[in-house]
Amino acid sequence: MAERVTLTVNNQPIEAYADTSVAAAVMQTHGLAVRQSVTGQARGPVCGMGVCFECRLTVDGVLHQRACLLPCRDGMKIDTRASSEPEAFAKRDAKPATNASGSERVYDVVVLGAGPAGIAAACCAADAGRRVALIDDNPRGGGQIWRHDPAKPPPREAEGWRDRLRRTSVEILSSTLILGSFAPKTLRAESPTGPCTLRFQRLILACGARERFLPFPGWTLPGIFGAGGLQALVKSGYSVHGKKVVVAGSGPLLLAVAAYLRGHGADVRLVAEQAPRSKLLRFGGSLLWHQPSKLFEAMGLRWQLRGVPYRAGCWPIRTDGAQQVTSVTLTDGSRTWTEPCDAVACGFGLVPNLELPMLFVCAIERGFVKVDEHQQTSVAGMYAVGELTGIGGVDKSLIEGQIAGWAAADQPVRIGGLLNESVRARRFSELLDDAFTLRDELRHLADDATIVCRCEDVTYGALKRFVGQRDAKLQTRCGMGPCQGRICGPALQFLFGWLSDSVRPPIFPTALGNLS
Amino acid sequence: MSVPTCDVAILGAGIVGAACARALACEGLRVIVLDGNPIGSGATAAGMGHITVMDDSEPQFALTRYSQQLWNDVSDQLPADVEYVQTGTLWIAADEDEMATVRRKHAFYQERGVDTEILDAKAVAEVEPNLRTGLAGGLRVSDESVIYPPCAARWLLEQAQLDRATISLGTQVFPMADRTIQFGDGSSLSCGSVIHATGAWASRLFPSLPIRPRKGHLVITDRYPGWVRHQIVELGYLKSAHGSDRESVAFNLQPRKTGQLLLGSSRQFDVDHKDVEPRMLKRMIARGLEYMPRLARLSAIRAWTGFRAATPDSLPLIGPAEIRGHLLATGHEGLGITTSLGTAELIVSHLTGKSSAISIEPYLPARFQGGTDG
């Protein structure tokens, strides 16, 4: 068990385990609303993985820190109240932050993202004798699927790969944020010890995916999380014990999340999958034929959820509550009903984190990074693996990671049978995509007052009169906030068919000093 | 079937085109504004939106002062999303040499009725406590302001529409020498005058124009309300802005109404791509940190670039082009947001014969025609 630490929230001391995230600790002790939006609405954490920026807090006097990425430390001072007096800034930081250009590190292969794909890639490249760095912005590796859970031992497969990784010489740089590339074959990063430059010969992009969120009335209330988002927050120390939770949205993740939450004491009321039953049955049939293990996995999860209704062809249309969510209203297209709840875990599938591949001008095809059979992108020496090349889960990630790891280390002979497995994994990815296609009704959930851009509080009504993303952005500030359009971007694409105009450094907010 | 007609076709829905549309439509002219891109999405979107009076030359003073007063006149009509704030401008002197410049500027402004105040080192530290210590002082110009230009351009166009102007966006147009506009779909429009308000791109149609795109970078922070109060500009900015170096940076920091801070500035000639260049970003931020070390801790959320339309003498090109019936309203470099309203009045005066508060003479494109190219 991790040690107990004491921190203060708004000057009030609280205790937490050292491996708890600040976001989880604050939610646990001060409620789900941890910040106010630009128009004064109460907001709470959503994504649990550092992309939504809804958990920004003042930490040790530094404003706008993503609390979900920060582990609790002894003596930390957290403030959830907006500070506006200039004195508050002027008195602090008497000593200016140093802004030296930082250290430079040199590698043969740099792997971005320490999920299964990145771990597999790093292991193979290191086994081939390459000097490898494995970078992740989270404090621990494992990605979303193998995210460390203090309450549960890791899955055997994860433990196996971790052991293998431990036996390599891979340098693991955690809590390290990639900001962009400031010179050819280098990356600029923000690490806990300051800015640094990472030099590489080959780059393996394993940046993973985030959840797709779709706006519906009430979706910005504290207590509406991503599905994976709530799971991530629970893994980082937030307790759902005894809480009534509705899991909604789309994709196989819903079942896994529901089973996980139930395993942690949540009272899961319902799993609402928007895909119609007919498609799910067809999907199940294909799995039985092509990948029976996946079907057994799903059946295992369903068994863990016995007694919990799983409704296909059912989706949320609104959530209500004063300070935080108290109910969700769902429909199956004919019947509409309201479920009381304390939390809604809701995600509409996954979207790849394309910012880095786009920054490196890797070709994108149908929303994913285009790769050859060795996972090489359109840019020589750059590889993309896992969810970046198609949403396919952990098996696809591990296979592609190994292929890219060997390829990047110029050891194509060791790829061997992985190519066949890769084809199978891609087939599964296509089946998934087809089974969980989002229904048209989801384009019409938002009303004019529904916020679409959570950073800038831009409503659906303000956006619908525009013809494209660029003029909507310039005129309404939609997508101009700190999440840089990571949350509203995929929603706008689904709702209006708009594509984001460009990706520019820094690809994540960072202290100005890290750019100088 | 006869070809549709209008009095004036304005090419470019940036802030200059929008201001011209409003002023001309207000005079009862039938105006159409044409742009292949969204409103205010070129230099208008890239710029800072600082409304400021400059003293680089008498003509520059005349146009910026006149325009600033026009902005003051409309300030209470501007909708909230134009984010108008009267911040004032604080010119910062790093040393005694620059303090001499402060005194010179102060005298210049005072003679011409602009409200300015010399601040000593202590006073500067009091009004902007986040500036580094050890600065020599500064000049405060109180009557200056900040706006959000893309929404200002939209508001100007909305005003034009109230006077029955037509706005046509998203279509490719080809202006012809005979004052017809050809559209991509084969249709055409015949007009009395064509106004080219296309910023740095005007030289595509008029290759002999002495306009050079001058690239700039900006970076914006998350929200820190109250962190700075004035638009703060180093006096060295004038060297950067008016020098002809291939590239330069100068400290220029703007508080937005949102509480965000917009940090500039950089200037580069001979760069034709829009990419954010880390090297320039780095130089520009480093310059800012020299003046305000505490900026290093603030969260930067976005960076972007744009192209100013620079002329050899730092004055815009307003008035007749070489081709009859075609007018220019471009070449405003970094002052287009401020001078848009004044430019529009000069164009009105030229087309309608109405008198204007200042003379168009110093800005006429003819100054570069026939003689040396400056």
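This is a chat about the sheets, helices, chain contact and unusual backbone spots of a predicted model.

User: Let's start with the sheets in chain A. What is the strand order in the open sheet of 5 strands?

Analyst: The order is β17-β24-β18-β19-β20 in chain A, and the pairing in this sheet is parallel. The strands at the edges are β17 (224-225) and β20 (310-312) of chain A, each of which pairs on one side only.

User: And how many bridges join β17(A) to β24?

Analyst: There are 2 bridges between β17(A) and strand β24 (residues 343-348) of chain A, and the two strands run parallel. One residue pair to look for in the structure is I224(A), whose bridge partner in β24(A) is V344(A).

User: Which helix packs on that sheet?

Analyst: Helix α5 (residues 227-235) of chain A does, touching β17, β18 (244-250) and β24 of chain A, and the direction of the helix makes about 125 degrees with that of β24(A).

User: OK, now the sheet of 4 strands. What kind of pairing does that one have?

Analyst: The pairing is mixed in this open sheet, and the strand order is β8-β14-β13-β12 in chain A. Its edge strands are β8 (103-106) and β12 (177-180) of chain A, each pairing on one side only. On average, neighbouring strands of this sheet are turned by 35 degrees against each other, if direction is ignored.

User: Do β13 and β14 of chain A run parallel or antiparallel?

Analyst: They run antiparallel, with 6 bridges joining β13 (residues 186-191) to β14 (residues 194-199) in chain A. T186(A), for example, has R199(A) in β14(A) as its bridge partner.

User: While we're in that region, what is odd about K185(A)?

Analyst: K185(A) has a positive phi of about 55 degrees although it is not a glycine, and it is placed in the loop between β12 and β13 of chain A. As background, most residues other than glycine have a negative phi, and most peptide bonds are trans.

User: Then where are the cis peptide bonds?

Analyst: One cis peptide bond joins P505(A) and P506(A), with omega about 0 degrees, and P506(A) is found in the loop between α14 (488-496) and β31 of chain A. Another cis bond runs from G264(B) to S265(B), with omega near 5 degrees, and here S265(B) is part of strand β15 (residues 260-268) of chain B.

User: You mentioned β31. What is A511(A), in that strand, in contact with?

Analyst: A511(A), which lies in strand β31 (residues 510-511) of chain A, is in contact with E190(A) and, in chain B, with A296(B), R297(B), L298(B) and S299(B), leaving aside its neighbours within four places in sequence. A511(A) and S175(A) are 336 residues apart in sequence and 15 Å apart in space, taken from C-alpha to C-alpha.

User: So on to the contact between the chains: how much area do they bury?

Analyst: Chain B and chain A bury about 3700 Å² between them, with 58% of it on carbon and sulfur atoms. R223(B), R297(B) and R302(B) supply 18% of the area that chain B buries against chain A, which is more than any other three residues. The contact takes 44 residues from chain B and 40 residues from chain A.

User: How many salt bridges are there across it?

Analyst: There are 3 salt bridges across the interface of chain B and chain A. In one salt bridge, the side chains of D222(B) and R56(A) meet at 2.9 Å, N to O. Over all chains, a search of the whole structure finds 53 salt bridges.

User: What does R210(A) pair with?

Analyst: R210(A) forms a salt bridge with E355(A), and the closest N and O atoms are 3.1 Å apart. This pair links distant parts of the chain, with R210(A) in strand β16 (residues 209-211) and E355(A) in helix α9 (residues 355-359) of chain A, 145 residues apart.

User: Last topic, helix packing. At what angle do α6 and α8 of chain A pack?

Analyst: Helix α6 (residues 253-263) and helix α8 (residues 292-304) of chain A pack at an angle of about 35 degrees, and their axes are 9 Å apart. The crossing of α6(A) past α8(A) is left-handed.

User: Which residues meet there?

Analyst: From α6(A), L255(A), A256(A), A259(A) and R262(A) meet A298(A), L301(A), R302(A) and Q304(A) of α8(A). By class, this contact has 5 nonpolar, 1 polar and 2 charged residues.

Terms used
Residues are numbered from 1 along each chain as its sequence is written. Chains are lettered from A and ligands numbered from 1 in the order in which they are written. This is a predicted model: local features need pLDDT of at least 70, side-chain atom pairs count only at pLDDT 80 or more; totals for chains, interfaces and linings use all residues. Side-chain values use heavy atoms; hydrogens and water are left out. Axes are lines fitted to C-alpha atoms, for helices over the stretch in contact, and angles run from 0 to 180 degrees between N-to-C directions. A crossing is left-handed if the near helix is turned anticlockwise from the far one by less than a right angle, and right-handed if clockwise. Contact means heavy atoms within 4.5 Å. Ala, Val, Leu, Ile, Met, Phe, Trp, Tyr, Cys and Pro count as nonpolar, Asp, Glu, Lys and Arg as charged, and the others, Gly among them, as polar. Two strands pair if DSSP finds at least two bridges between them. Buried area is the accessible area (1.4 Å probe) that two parts lose on being put together, summed over both. A salt bridge is a side-chain nitrogen of Lys or Arg within 4 Å of a carboxyl oxygen of Asp or Glu.
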